[in-house]
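These are my notebook entries on a predicted model. I looked up the ligand site, the pockets and cavities, and one strand pairing.

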Amino acid sequence: MPDIQNQPMSKDKSVEQIDAVVIGAGFAGLYMLHRLREMGLKARIYEAGTGVGGTWYWNRYPGAACDVESVLYSYSFSPELEQEWTWSERYAKQPEILEYANHVADRFDLRKDIQFSTRVLSTIFDDAEHRWLVTTDRGDRVSAKYCVMATGCLSAPKDIDIPGLDAYQGKKYFTAYWPREEVKFDGLRVGVIGTGSSGIQSIPIIAEQAAHLTVFQRTPNFSIPARNERVDKDTAERVKAKYAELRRRQYDHYIGLVGGLEPVPTNPKSALAVTPEERIREYQYRWDLGGLYYYTSYMDLYRDREANETLAEFVRGKIREKVNDPEVAELLCPKDYPFGAKRLCADTNYYETYNRDNVSLVDIKSTPIDSFTAKGLKVGSKEYELDAIVFATGFDAMTGALFNIDIQGKGGISLKEKWSAGPYTYLGIMTAGFPNMFITTGPGSPSVLYNMIIGNEQHVNWIADCIAHIETEQLRSIEPQIEAEKKWVDHVNEVGETTLFVKANSWYVGANVPGKPRVILPYLGGFDLYCKKCNEVVENGYEGFVTA
Ligand code: N01
């Protein structure tokens, strides 16, 4: 048998030669494939799941929904697609978003270039050939000039860091990879660990089914009523007539939360420069609107702790109004980090759920979970017997999915090694030493602090144009200059430090994963300014990049 591992790729007949590999068939990967094919390149997506949709393929837990309005959380690249698809609710639920992803895959005939049920194991740069060798768990070995990591920001579930999980004999469910078949909790004693967005969306629905639900809360989160509603025919048509304007508003906005049919204004004032009465009116207006619109309220809310506290206390007041038992209400009120510095949640009946007789809240901040047992789990000396446990414990955000692949750049340096003190990127799209490897909505880009579909679209467009440039100029590769990358990383950190986002132990700063370096992961300078910077880089001849 020849030793194929050690043969140069170009001479190895078992290695298929293509132009581009895209990893992941979520919204970024699908559109990337579409653009690459439009350019006449031979491209393939490798996808671990059996279907398209990424986040929306895996996160099928009860109550899973998008907390960005459907009309905004959709592709903008095809006016025909916009016109033919009708969202049924203000906030689409997971099945409808997955149906949309499937519709896109069919409409643009993408499936023929997607290999499902295939996990990429490694992508290794060949210095001599200037190509990436990609290997998979199905034995594929493919050589590609370009490699696009469309692996998602919240796709690598966090390890469960509580002892004794294997000892537990009951049913275990993970919101991040929920079973495809229906899960029934009727008559069961259920425990939920985790009160971030996934926990907050699933808890009210599980409570309606379970005999008893026990929520184990370490840190309470701020959650705003989503106020979801059906979209009637007339509204849907009026939205369709306004799409062009809607998209312009979205792209020109720092966080893209601009409202659906009716624009939701951004408030340019300081929260501390207005009277308490005006502040309450503003906060009540956004409370009644529902959803995430506190992110576009007073401009100093996320920079000034005193300003932030005015909103935090307003929302705590709402929690106290909703929850009957004052002790439970106090436990549900976040007090030790700024409002919104942990990702804000939008809910349907979350706080109200704690008024049910079959729901109890256990504070695991003051007494942490000690371990799992055969029948449930122990908090201090008390054992909770549970028939099923739901883990809504979050993700190794923004870097976890990349580190799950053995990525080696020039000279065999691994990405993990290069990023051991935190991610290093230029614009969040590329990293020096990894030529022709692109990351969609990577660390150092607005990513999770913007709308993931539109943010990915902007990245895919930039990447596709960059690849077109390389092909037209008959170049071999492009990568960031080390100095430009360092300058960008410093800028990302400096901007992050001016905000309150760095003041919470959140996944935004990697604090949810033990041992992960604490660095601000998304770029907080605003999507509008970020796009301007991306465009300027191109206008100035790919400033800050080096080509070969
Ligand atoms: O995860 P999270 P998520 N013992 O990290 C707790 C997006 N998303 O899956 O805060 C006990 O927010 C942890 O406690 P603490 C959205 O961007 C969007 O809910 O670390 N508890 C926390 O309460 C979101 O932010 C939608 O103290 C433990 C929870 O588990 C992101 O995904 C819907 C623990 C994890 O919360 C992640 O949300 C859903 C332990 N050992 C998600 N480990 C939309 O609507 C963790 N926890 C679009």
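Entry 1, ligand contacts. I began with the polar contacts of the ligand. I found a polar side-chain atom of Gln-201 at 3.1 Å from an oxygen atom of the ligand. For Trp-507, I noted a side-chain N or O atom at 3.0 Å from a ligand oxygen. Ala-392 takes part through its backbone: one of its N or O atoms there lies 3.3 Å from an oxygen atom of the ligand. I then looked up the accessible area of the ligand, which is 910 Å² when the ligand is taken alone. The protein buries 89% of that area.

Entry 2, ligand shell. I asked which residues come nearest to the ligand. Of the 25 residues around the ligand, they are Asp-161, Ser-198, Arg-218, Thr-219 and Lys-342. I sorted the shell by class and recorded 10 nonpolar, nine polar and six charged residues. Helix H5, residues 197-209, supplies the largest share of this shell, with three residues.

Entry 3, second largest pocket. I turned next to the open space in the model. The second largest pocket holds about 580 Å³, and 33 residues line it. Nearest the centre of this pocket I listed Pro-62, Gly-63, Ala-64, Lys-93 and Ile-205. Three elements give two or more residues each to the lining: helix H4 (94-107), H5 and strand E11 (345-347). Which element gives the most to this lining? I found that H5 does, with six residues. H5 is thus an entry in both of my lists, as the helix with the largest share of the ligand shell and as the element that gives the most to the lining of the second largest pocket. By class, I recorded 16 nonpolar, seven polar and 10 charged residues in the lining of the pocket.

Entry 4, cavities. How many cavities of 30 Å³ or more does the structure hold? I recorded four. The largest cavity has a volume of about 60 Å³. I listed its lining as Val-71, Trp-85, Thr-86, Trp-87, Val-231, Ala-236, Val-239, Lys-240 and Tyr-243. Helix H6, residues 233-241, contributes the most to that lining, with three residues. I counted the lining of the largest cavity by class as seven nonpolar, one polar and one charged.

For the second largest cavity I noted a volume of about 40 Å³. Its lining consists of Met-149, Thr-151, Gly-152, Cys-153, Met-398, Leu-402, Ile-439, Thr-440, Thr-441 and Gly-442. I recorded five nonpolar and five polar residues in this lining, and no charged ones.

Entry 5, a strand pairing. I closed with strands E14 (residues 376-379) and E15 (residues 382-385), which run antiparallel and are joined by four bridges. I asked which residue in E15 is the bridge partner of Leu-377, and noted Tyr-384. The two strands form a hairpin with two residues between them. In the turn, I recorded a positive phi of about 60° for Gly-380.

How values were computed. Residues numbered from 1 in each chain as written. Predicted model: local features only at pLDDT ≥ 70, side-chain atom pairs only at ≥ 80, totals over all residues. Heavy atoms only, no water. Near = heavy atom within 4 Å. Polar contact = N/O pair within 3.5 Å; in protein donor to acceptor, adjacent residues only side chain to side chain. Areas by Shrake-Rupley, 256 points an atom, 1.4 Å probe, with all protein chains shown as cover. Nonpolar A, V, L, I, M, F, W, Y, C, P; charged D, E, K, R; others polar. 1 Å grid on protein atoms, 1.4 Å probe; cavity = no way out; pocket = protein on both sides within 12 Å on 5 of 7 lines; lining within 4 Å. Points joined across faces, edges and corners; volume = space filled by probe spheres on them. Pairing = 2+ DSSP bridges.
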